[in-house]
Amino acid sequence: MNFSFSPIGVVHSPYKQKFAIPRQPGLVSEANGLIEMLPPCDKIEAFEGIEEFSHLWLLFIFHETMEKGWSNQVRPPRLGGNIKKGIFSTRTTFRPNPIGMSVVEFKGIRKENKKLFLELSGLDLLDQTPIIDIKPYLPYADSITGASGGFAPAKPEADMEVIFESTALKQCESFLGQYPDLITFISAVLKQDPRPGYKKKSEEEREYAVYLYDLNIRWKVIGNTNVVTTVEKKC
Ligand code: SAM
């Protein structure tokens, strides 16, 4: 049997590249985004009752990596990238069927210019991710007290200090009209230390960059501190 699905919606996310996206939803609660519903799933009656739920399950396609294939074993970044685990013991993006699932906070639903949007926060999804289904999160069934989390028993540490150089702070302030939570959002993303595991061991001071919203954020790592150096419009 073969199945073919069409997207029911598309994500508008501040994460414009894979680098620096948290590994699971809810780790950066300031990551706000939208799902733009696509016809024929853009009718408000299809969402009647949804406002009674605080969280939603999103089923989506790992569209950015789906062409890269998969293998039976992967090295989870959570384990430093050195230890192999079976693919079905992980939440890797490289899967036989490139389907992801994330619980996100549901903030509201609105119609704008004849389009229907769901407002969400706590996203771990790349911009333009195709959504194939949306279901309400049911606490009694989806949250299991005493469940064991294998090699990921608790939230990863988000223990980096984040500071802004004065130029970067001024640049951020100039974007607050458009992105009121920009400073807390950048801080929350960088607190997680987005560098790959093997880079974290390096003592070397290096500059990194990430694309969030339409902004290019640059920072350098000094010990346990991420120092934001520039926040500029991406050309
Ligand atoms: N919560 C989902 C799950 O468990 O299925 C995703 C987990 S996966 C480990 C999270 C990573 O997926 C993010 O850090 C990001 O790099 C990547 N990602 C997010 N959206 C993607 C997309 N549309 N295509 C490929 N990779 C994506």
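These are my notes on a four-stranded sheet, the helices lying across it, and an annotated domain in a predicted model.

Entry 1, the sheet. I looked up the strand order and found β9-β12-β11-β10, in an open sheet with mixed pairing. I then checked the edges: β9 (161–164) and β10 (207–212) each have a single partner strand, so one side of each is left without a neighbour in the sheet. I noted that neighbouring strands are turned by 30° against each other on average, direction ignored.

Entry 2, β11 and β12. I found that β11 (residues 215–222) and β12 (residues 225–233) run antiparallel and are joined by eight bridges. Along this pair I noted tryptophan 219 opposite valine 228 in β12, and isoleucine 222 opposite threonine 225 in β12. The two strands form a hairpin with two residues between them. In that turn, glycine 223 has a positive phi of about 60°.

Entry 3, β9 and β12. Here I found parallel pairing over four bridges. I looked up the bridge partner of isoleucine 163 and found valine 227 in β12.

Entry 4, the helices. I found helix α2 (residues 166–174) lying across β9 and β12, at about 45° to β12. Helix α3 (residues 182–191) lies across β9, β10, β11 and β12, and I noted its angle to β9 as about 140°.

Entry 5, the annotation. I looked up the UniProt record, an unreviewed entry, which gives "domain: TsaA-like" for residues 5–146. Over residues 5–146 I noted 3% helix and 35% strand, with the end C-alpha atoms 35 Å apart.

How values were computed: Residues numbered from 1 in each chain as written. Predicted model: local features only at pLDDT ≥ 70, side-chain atom pairs only at ≥ 80, totals over all residues. Pairing = 2+ DSSP bridges. Axes fitted to C-alpha atoms, helices over the stretch in contact; angles between N-to-C directions. Contact = placed C-beta atoms within 7 Å. UniProt positions renumbered as here; feature names shortened; annotations may be inferred.
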